[in-house]
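Good morning, and thank you for coming. Please look at the sequence and the structure as I put them up, and keep them in view while I speak.

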Amino acid sequence: MSESKQTPRKGHVIYSEILLPEYAPKEFADRSVLWNAVENFEKGSRAQLSREVEFSLPCELDAEERLKAARTLAEFFRDKGMVVDMNLHNPDHENPNPHCHLMLTMRPFQKDGTFLGKKCWREYDLDKNGQKIPTKKGNDYKSHKVYATDWDDRGNVEKWRALWADIETEFYKKNGYEITAEHRSFERQGIDLLPTIHMGAAVTAMERRGIQTEVGNMNREIRKISAL
């Protein structure tokens, strides 16, 4: 379930879509209704209203394929139970590459369409007889936190970056490019090479037409050094 639309160039946003998971109210397909509801629910002064995921889109792909690739990642988050507010951007002065922003809700939905009240709760540890285990001081019982989801796990950043690299690679190969995307740096891969500079859409288009650019020339020099 989603609302999608092509948008004017205002703010360099070229496409917007809201993807709704199971149990999310249909009216949340309206952006203002969605985020007003989130803000009204999160009453705490330090409450986090959303999580943002931003990623560059492959310049080698055309606009339609970039959208499909971005939507593949957005659907992954939607299928986990998050509302996904997806916006595709053309290059701008802050980011010279085509890119995508995903705004994700922080709580799962219950079957009645309301947000889950607690993100985590306390669960008592039990001994082999099913009895609570007293603490050393004897004034409480041993317990542990149980989280409703794994969305806040710090290890997700690495997993999600690797997932996007896999999606990119899939779309490269579907479109005839022998390119394997890699989310790790050369250093982390144990490769003693200089990284090339990412070329934006405009530079890539000029290089394709045979027009040499400063960034393109720098990358050619880097490749020569790496070859040596």
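I begin with W160, which is buried, with a relative accessible area of 13%. Buried means under 20% relative accessible area, exposed means over 50%, and partly exposed lies in between, with a 1.4 Å probe and protein chains only. Before going on, I should say that this is a predicted model, in which local features need pLDDT of at least 70 and side-chain atom pairs count only at pLDDT 80 or more, while totals for chains, interfaces and linings use all residues. Residues are numbered from 1 along each chain as its sequence is written, and side-chain values use heavy atoms, leaving out hydrogens and water.

Let us turn to the aromatic rings. How many aromatic pairs does the structure hold? There are nine. Rings of Phe, Tyr and Trp (for Trp, the six-membered ring) pair if their centres lie within 6.5 Å; planes under 30 degrees apart count as stacked, over 60 as edge-to-face, and the rest as tilted. The rings of F77 and W160 have centres 4.9 Å apart and planes at 90 degrees, so this pair is edge-to-face. F77 belongs to helix α2 (residues 63-79) and W160 to helix α3 (residues 156-174), so the pair links distant parts of the chain, 83 residues apart. Helices (H or I, at least four residues) and strands (E, at least two) are DSSP runs, numbered from the N terminus. Like its partner W160, which is buried, F77 is buried, with a relative accessible area of 0%.

A second edge-to-face pair is formed by Y124 and Y141, at 6.2 Å centre to centre and 90 degrees between the planes. Y124 lies in strand β6 and Y141 in the loop between β6 and β7, so the pair ties together parts that are 17 residues apart in sequence. Are these two residues buried or partly exposed? Y124 is partly exposed, at 31% relative accessible area, and Y141 is partly exposed as well, at 36%. In addition, F28, F41, F109 and F115 make up one aromatic cluster.

I now come to the charged side chains. A search of the whole structure finds eleven salt bridges. A salt bridge is a side-chain nitrogen of Lys or Arg within 4 Å of a carboxyl oxygen of Asp or Glu. One of them joins D152 to R51, with the closest N and O atoms 2.5 Å apart. D152 is in the loop between β7 and α3, and R51 is in strand β3 (residues 51-56), so this bridge ties together parts 101 residues apart in sequence. D152 counts as partly exposed, at 43% relative accessibility, whereas R51 counts as buried, at 14%.

Another salt bridge lies within helix α2: E75 and R71 are four residues apart there, about one helical turn. Their closest N and O atoms are 2.3 Å apart. E75 is partly exposed, at 25%, and R71 is partly exposed, at 22%. Which residues make up the network of salt bridges that includes R71? They are E17, R71 and E75.

Finally, consider helix α1 (residues 31-41), whose buried residues are L34, W35 and V38. They cover an arc of only 80 degrees around the axis, which puts them on the same side of α1; the arc is that of the directions from the helix axis to the C-beta atoms. These buried residues pack against β2 (13-19), β4 (84-89) and β5 (99-104), where contact means heavy atoms within 4.5 Å.
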